[in-house]
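Please work through the exercises below with the coordinates open beside you, and try each task before reading its solution.

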Amino acid sequence: MAVPEKDRQQSGNEIADPDKEVGELVGQLTEPGELEPAERRRLLGRLAQALSAGAKRARETGAGRGRWLADVFLNIAPRIPIRDLHTLSEHHHGLTGEQLADDLVRTAQKATMTVGAIGGALAAAEFAAPPLLLSAPAQLVAETIVVAAIEVKLLAELHEVYGVRVQGSGTQRAFMFTSAWAKQRGIDPLAPTSVSLAFGAAAKTALRNRLLRTLGRHLTTLGPFLTGAVAGGALNRAATKRLAEAVRNDLRGKLPPPPRQDELPS
């Protein structure tokens with residue numbers, strides 16, 4: 001039975017519990033395979049509309065801007081589709097090891113660059129003085145969420161490529177990968193406190209700060225005509241590359257070499 005809107009707003013202390021649609025849209029925008037530009041633009045537009053309602057509720061209740069954004073992302077993180085090593089190799093023409101990692105990074109860079117270009121172009125139509133988070137163009141908030149999801153997915157799948165097995169339930173793993181993204185580092189699977197730290201206050205603060213920095217980067221792309229599109233794409237591509245380099249350096253050489261194609265489980 002559906003819960004009335006009034007009851008949902010009054011239950012617990014969660015200020016921004018995104019609608020199911022938000023998670024579904026982010027899942028579609030981060031699924032393997034390339035989306036047609038028109039379809040990606042349509043999905044980003046729907047996501048922006050869905051996020052606008054949450055931003056409005058957060059503004060009305062006086063929620064902290066960073067907390068709202070972090071709450072939204074933690075709610076959708078378990079829905080980010082993460083592929084195992086066998087599936088990754090199949091989707092990337094049988095590549096393994098460093099070649100597979102290279103291909104994953106190129107694909108993620110292309111995806112975040114495309115999202116940045118679309119978000120920058122849409123925001124250019126609403127060019128104005130740099131706004132605050134809760135009054136920012138909804139397209140840029142949607143762009144921030146999608147770029148973060150693409151990069152969390154990349155980080156998680158690089159762990160698969162390098163043979164770093166992260167144990168736990170789907171939600172635990174999602175939070176651990178999200179926490180690692182906030183720190184721009186790989187996960188040490190031997191650290192006994194990895195799971196507890198991923199759920200702690202410090203991890204949530206780091207996530208909030210990382211999301212705000214990502215949004216701040218996107219706000220700098222506000223500009224007339226297509227300058228925002230060009231800047232948005234370039235900045236996202238560079239940021240994704242930096243993340244990948246940092247994570248790969250953390251993971252590389254810590255465990256035995258990844259298996260060859262003929263050693264992958266069927």
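The exercises that follow concern a predicted model, and each task is followed by a worked solution.

**Exercise 1. The aromatic pair**

Find the aromatic pair in the whole structure, and classify its geometry.

Solution. A search of the whole structure returns one aromatic pair. Its members are Phe 73 and Trp 181, whose rings lie 6.1 Å apart from centre to centre, with 25 degrees between the planes. Planes under 30 degrees apart count as stacked, and the pair of Phe 73 and Trp 181 is accordingly stacked. As for its place in the chain, Phe 73 belongs to helix α4 (residues 65-76) and Trp 181 to helix α8 (residues 170-183), so that the pair links distant parts of the chain, 108 residues apart. The last step is burial: Phe 73 counts as buried because its relative accessibility is 0%, and Trp 181 is buried with a relative accessible area of 0%.

**Exercise 2. The nonpolar core**

Determine which residues of the largest nonpolar core touch the most other members, and which helix gives the most to this core.

Solution. The largest nonpolar core holds 65 residues, and of these Leu 47 and Phe 73 touch the most other members. The helix that gives the most to this core is α7, with 15 residues. To see the surroundings of Leu 47, set aside its neighbours within four places in sequence; the contacts of Leu 47 are then Val 22, Leu 25, Val 26, Leu 29, Ala 142 and Val 146.

**Exercise 3. Two buried helix residues**

Decide whether His 159 is buried or exposed, decide the same for Ile 118, and list the contacts of each residue beyond its sequence neighbours.

Solution. His 159 lies in helix α7 (residues 138-161), and its relative accessible area of 1% is why His 159 counts as buried. Leaving aside neighbours within four places in sequence, His 159 is in contact with Val 164, Val 166, Phe 177, Gly 186, Ile 187, Val 247 and Leu 251.

Ile 118 is placed in helix α6 (residues 97-124), and Ile 118 is likewise buried, with a relative accessible area of 7%. With the same exclusion of neighbours within four places, Ile 118 is in contact with Pro 37, Arg 40, Arg 41 and Leu 44. For Arg 40, which is 78 residues from Ile 118 along the chain, the separation of the two C-alpha atoms is 8.5 Å.

**Exercise 4. The largest pocket**

Describe the volume and the lining of the largest pocket.

Solution. The largest pocket contains about 480 Å³ of space. It is lined by 21 residues, of which Gly 33, Glu 34, Arg 40, Thr 107 and Ala 111 are the closest to its centre. At least two lining residues come from each of α3 (37-61), α6 and α7, and the largest share, six residues, is supplied by α6. By residue class, the lining divides into nine nonpolar, five polar and seven charged residues.

**Exercise 5. Positive phi in two loops**

Establish where His 93 and Gln 184 are located, and whether each is buried or exposed.

Solution. His 93 is not a glycine, yet it has a positive phi of about 60 degrees. The residue is found in the loop between α5 (85-91) and α6, and His 93 is exposed because its relative accessible area is 74%. Gln 184, also not a glycine, has a positive phi of about 60 degrees. Gln 184 sits in the loop between α8 and α9 (194-198); its relative accessible area is 18%, so Gln 184 is buried.

Notes. Residues numbered from 1 in each chain as written. Predicted model: local features only at pLDDT ≥ 70, side-chain atom pairs only at ≥ 80, totals over all residues. Heavy atoms only, no water. Phe/Tyr/Trp six-rings, centres within 6.5 Å; stacked < 30°, edge-to-face > 60°. Helix = DSSP H or I, 4+ residues; strand = E, 2+ residues; numbered from the N terminus. Buried < 20%, exposed > 50% of the residue type's maximum accessible area, 1.4 Å probe, protein only. Contact = heavy atoms within 4.5 Å. Core = buried A, V, L, I, M, F, W, Y, C linked by side-chain atoms within 4.5 Å. 1 Å grid on protein atoms, 1.4 Å probe; cavity = no way out; pocket = protein on both sides within 12 Å on 5 of 7 lines; lining within 4 Å. Points joined across faces, edges and corners; volume = space filled by probe spheres on them. Nonpolar A, V, L, I, M, F, W, Y, C, P; charged D, E, K, R; others polar.
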